[in-house]
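Q: I'm new to this one and would like a close look at a single part of it. Here is what I have in front of me.

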Amino acid sequence: LWVAQRRDAGLTLVEDQFSLALGVIIRCVRAGLPVVEAMRAVAAEVPAPSGPEFGRCVDQIQLGVDFDAALAGLATRCRLADYRFFGVTVTLQRQTGGNLAETLDNLAETIRRRRAVRLKAQSLTAEIRATVMVLALLPAGVAALMLVVSPGYILQLFTTADGRMLLGIALLVQATGLLIIRLITRQALG
């Protein structure tokens with residue numbers, strides 16, 4: 001759970017920074033700079049982890065890696081659909097021509113709208129998540145209360161073999177239920 005939480009926090013940070021990176025690229029392209037130079041500006045201006053990833057992509061292009069392959073590598077390393085959209089957008093614009101700044105601006109607007117919808121869904125489900133946490137902590141609270149009111153009754157869970165087995169089963173069922181609830185909410189919000 002700790003690793004998943006850290007991974008999710010890292011992905012959220014990359015997602016938040018992508019809006020900033022995309023804004024820098026749009027401003028640079030409107031100023032007349034090529035996309036590679038715009039990506040170099042992102043590498044210089046955006047903090048880790050996004051800035052260095054764009055810098056790595058620029059370095060790969062300078063070393064002779066195909067531009068499209070370098071963008072695909074960036075999308076793979078960052079593990080976000082927004083980066084894949086960016087790569088496809090830039091690739092198509094390079095092949096067909098047109099106003100790249102306008103296309104990237106439309107992409108940025110789409111990403112902002114999608115993020116707003118996701119944040120709204122999270123705020124609407126906050127009450128449900130709080131209820132889940134209360135229900136998850138309720139057995140521990142009841143056990144603590146029973147320890148104060150009738151210690152001999154609750155200590156049997158820790159001192160007898162049958163009690164430890166029941167406690168283990170209860171913990172397993174509780175953990176399974178919380179995991180299922182987490183998976184359902186991630187699927188619904190994802």
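In which helix do Arg-112 and Glu-109 both lie, and how many residues apart are they?

A: Both sit in helix H6 (residues 100–124), three residues apart, which amounts to about one turn of the helix. Helices here are DSSP runs of H or I with at least four residues, strands are E runs of at least two, and both are numbered from the N terminus.

A word on the ground rules. You're looking at a predicted model, in which local features need pLDDT of at least 70, side-chain atom pairs count only at pLDDT 80 or more, and totals for chains, interfaces and linings use all residues. Residues are numbered from 1 along each chain as its sequence is written, and side-chain values use heavy atoms, leaving out hydrogens and water.

Back to your pair. The side chains of Arg-112 and Glu-109 form a salt bridge, 3.1 Å from N to O. That term means a side-chain nitrogen of Lys or Arg within 4 Å of a carboxyl oxygen of Asp or Glu. The spacing helps, because an α-helix has 3.6 residues a turn, so residues three or four places apart point the same way. Arg-112 is partly exposed at 43% relative accessibility, and Glu-109 is partly exposed too, at 31%. The cut-offs are under 20% relative accessible area for buried, over 50% for exposed, and partly exposed in between (1.4 Å probe, protein chains only).

Helix H2 (residues 35–45) holds another such pair: Glu-37 and Arg-40 are three residues apart there, so about one helical turn separates them. Their closest N and O atoms are 3.3 Å apart, making a salt bridge. Glu-37 is partly exposed at 33%, and Arg-40 is partly exposed at 31%.

Now compare that with Arg-7 and Asp-8, whose side chains meet in a salt bridge of 3.4 Å, N to O. Arg-7 is partly exposed at 38%, whereas Asp-8 is buried at 18%. Those two belong to a salt-bridge network that also takes in Arg-182. Across the whole structure, a search turns up 11 salt bridges.

H6 has another job in this picture, in the nonpolar core. A core is a set of buried Ala, Val, Leu, Ile, Met, Phe, Trp, Tyr and Cys residues joined through side-chain atoms within 4.5 Å. The largest one has 37 residues, and Leu-104 is among those with the most contacts inside it, along with Leu-22, Ile-25, Phe-54, Tyr-83 and Phe-86. H6 is one of the elements giving two or more residues to this core, alongside helix H1 (2–30), H2, helix H3 (50–62), helix H4 (67–78) and helix H5 (81–96). H1 gives the most, with 10 residues.

Further along the chain is helix H7 (residues 126–149), with 24 residues. A kink of about 35 degrees lies at Leu-138 in H7, shortly before the proline Pro-139; the bend is the angle between axes fitted to the seven residues ending at a residue and the seven starting there.

Last stop: helix H9 (residues 161–189), home to Val-173. Val-173 is exposed, with a relative accessible area of 55%. Arg-186 is also found in helix H9 and counts as partly exposed at 40%. Arg-186 and Leu-119 are 67 residues apart in sequence, but 13 Å apart in space, C-alpha to C-alpha.

Methods
The expected span of a helix is 1.5 Å times one less than its number of residues.
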